[in-house]
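Q: Could you take a close look at the aromatic rings in this one and walk me through how they sit together? I'd like the surroundings too, in plain words.

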Amino acid sequence: MEETFRITALRQSTYPDLKDRYENVLSDACPISVGQVFLFRGLQKPEGLCPSAWETILPFLEMWSRGVEEPIPGWMKDPDTLLLSCNDGFRPMSFLIERVR
C-alpha cells in the first residue's frame, strides 16, 4: 500500500542583500505560499510543489516508504514528522513533512 504524506509550507526566510548581489531575477522563483498544504499518496511530486523543494524532501519520503521508521533518528519529537527547508539560498521555505497513518 502506498504511503500518504502531507507537506505544509510553514515559513519563508528572505535574504534581500544576497538577492540584490547575486540573483538573476526570476518571475516564478517560488510559487509556494506559507500555509499551503500538499496531501498526496506515493512518491510522485505533488502539483505546484517546486522542483527544488521536492529534491530535498523526496529522499526522506523514500526512506519512509521503504519502512525506515525515523529517517533522522531522535531528531523530531514525533517520528512521523520532519522539518526540512528547500535549498533556495535566496528565499528558503521551511516545510513540515508528515507521514499520515
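**The aromatic cluster and its surroundings**

A: Let's start with F40. With a relative accessibility of 9%, F40 falls under the 20% cut-off, so this residue counts as buried. Keep in mind that we're looking at a predicted model.

Now for the partners. There are three aromatic pairs in the structure. Take F5 and F40: the ring centres are 5.9 Å apart and the planes sit at 40°, which is neither under 30 nor over 60 degrees, so the pair is called tilted. These two come from distant parts of the chain, with F5 in strand β1 (residues 4-12) and F40 in strand β2 (residues 37-41), 35 residues apart. F5 has 0% relative accessibility, so F5 is buried as well.

F40 has another ring partner, W54. Here the centre-to-centre distance is 5.9 Å and the planes make an angle of 65°, an edge-to-face pair. This contact also bridges distant parts of the chain: F40 sits in strand β2, while W54 belongs to helix α2 (residues 51-65), 14 residues away. W54 comes out at 9% relative accessibility, so W54 goes down as buried too. Put the ring pairs together and you get a cluster made of F5, F40, W54 and W64.

What about the strands that carry F5 and F40? They belong to an open sheet of four strands, in the order β2-β1-β4-β3, and the pairing is antiparallel. Strands β2 and β3 (81-85) are the edges, each pairing on one side only. From one strand to the next, the twist averages 20°. So much for the overall layout; now a look along β1. Strand β1 is joined to β4 (residues 93-100) by eight bridges, and the two run antiparallel. If you want a spot to find on the screen, look for R11, which stands opposite S94 in β4.

One more aromatic residue deserves a look, this time in a loop. W75 lies between α2 and β3. Its relative accessibility is 43%, which is between the 20% and 50% cut-offs, so W75 counts as partly exposed. On the surface, W75 joins L10, I72 and L83 in a nonpolar patch, and together the four have about 340 Å² of accessible area.

So, to recap: F5, F40, W54 and W64 are linked by ring pairs, and W75 is part of a nonpolar surface patch.

Notes: Residues are numbered from 1 along each chain as its sequence is written. This is a predicted model: local features need pLDDT of at least 70, side-chain atom pairs count only at pLDDT 80 or more; totals for chains, interfaces and linings use all residues. Side-chain values use heavy atoms; hydrogens and water are left out. Rings of Phe, Tyr and Trp (its six-membered ring) pair if their centres lie within 6.5 Å; planes under 30 degrees apart count as stacked, over 60 as edge-to-face and the rest as tilted. Buried means under 20% relative accessible area, exposed over 50%, partly exposed in between (1.4 Å probe, protein chains only). Two strands pair if DSSP finds at least two bridges between them. Axes are lines fitted to C-alpha atoms, for helices over the stretch in contact, and angles run from 0 to 180 degrees between N-to-C directions. Patches are made of residues with over 30% relative accessible area and no salt bridge: like charges are joined within 9 Å, nonpolar side chains (Val, Leu, Ile, Met, Phe, Trp, Tyr) within 5 Å. Accessible areas come from the Shrake-Rupley method with a 1.4 Å probe; for residues, only the protein chains shown count as cover. A salt bridge is a side-chain nitrogen of Lys or Arg within 4 Å of a carboxyl oxygen of Asp or Glu.
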